[in-house]
Amino acid sequence: MGDRSAPVPGLAKWEHRCAYCQATGVALEIDHVVPQSRRGSDRIANLVIACHPCNQCKADQTLEAFLADRPEVLARVQAPRRRP
């Protein structure tokens with residue numbers, strides 16, 4: 001994403017918050033729900049917005065592994081991804 005003025009896909013969908021910790025007012029990054037190292041795609045359905053600490057902490061884990069101890073967050077993150 002070289003052009004910082006370009007719209008970030010999905011930012012509005014996540015209400016300008018980290019999908020994992022709900023942080024606002026911080027720089028947000030695109031995170032692949034299914035990591036590219038696990039053959040995840042760049043399709044919008046596989047992308048969420050995450051703050052840097054959450055993105056780094058998730059690394060190449062599956063969403064289920066990363067949020068295993070936070071089922072309510074897992075459900076919240078999965079819900080918009082299932083909508084058409």
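Colleague: In what order do the elements of the protein chain run from the N terminus on?

Modeller: They run β-β-α-α-α, with helices (H or I, at least four residues) and strands (E, at least two) taken as DSSP runs and numbered from the N terminus. That gives the protein chain three helices and two strands. This is a predicted model, in which local features need pLDDT of at least 70 and side-chain atom pairs count only at pLDDT 80 or more, while totals for chains, interfaces and linings use all residues. Residues are numbered from 1 along each chain as its sequence is written, and side-chain values use heavy atoms, with hydrogens and water left out.

Colleague: What share of the residues is buried?

Modeller: Of the 84 residues in the protein chain, 32% are buried. Buried means under 20% relative accessible area, exposed means over 50%, and partly exposed is in between (1.4 Å probe, protein chains only).

Colleague: And how much accessible surface does the protein chain have?

Modeller: About 5500 Å², with 53% of that belonging to carbon and sulfur atoms. The areas come from the Shrake-Rupley method with a 1.4 Å probe, and for residues only the protein chains shown count as cover.

Colleague: What about contacts between residues at least 6 apart in sequence?

Modeller: In the protein chain, 52% of those join residues at least 24 apart. A contact here means heavy atoms within 4.5 Å.

Colleague: Changing topic: how many disulfides does a search of the whole structure find?

Modeller: Zero. A disulfide is counted as a pair of cysteine sulfur atoms within 2.5 Å.

Colleague: Why does Cys21 have no bond to Cys18?

Modeller: Because the Cys18 sulfur, the closest cysteine sulfur to that of Cys21, is 3.7 Å away, which is too far. Cys21 itself is partly exposed, at 37% relative accessibility.

Colleague: Which cysteine sulfur is nearest to Cys54?

Modeller: That of Cys51, 3.6 Å away, and Cys54 is in no disulfide.

Colleague: Is Cys54 buried or exposed?

Modeller: Buried, at 10% relative accessibility.

Colleague: Now the backbone. What is the phi of Glu15?

Modeller: Positive, about 55°, although Glu15 is not a glycine. Most residues other than glycine have a negative phi.

Colleague: Where does Glu15 lie?

Modeller: In the segment before strand 1, which covers 28-32. Glu15 is exposed, with a relative accessible area of 56%.

Colleague: What about the phi of Gln22?

Modeller: Gln22 is not a glycine either, and its phi is positive, near 70°. Gln22 lies in the segment before strand 1 and counts as partly exposed, at 29% relative accessibility.
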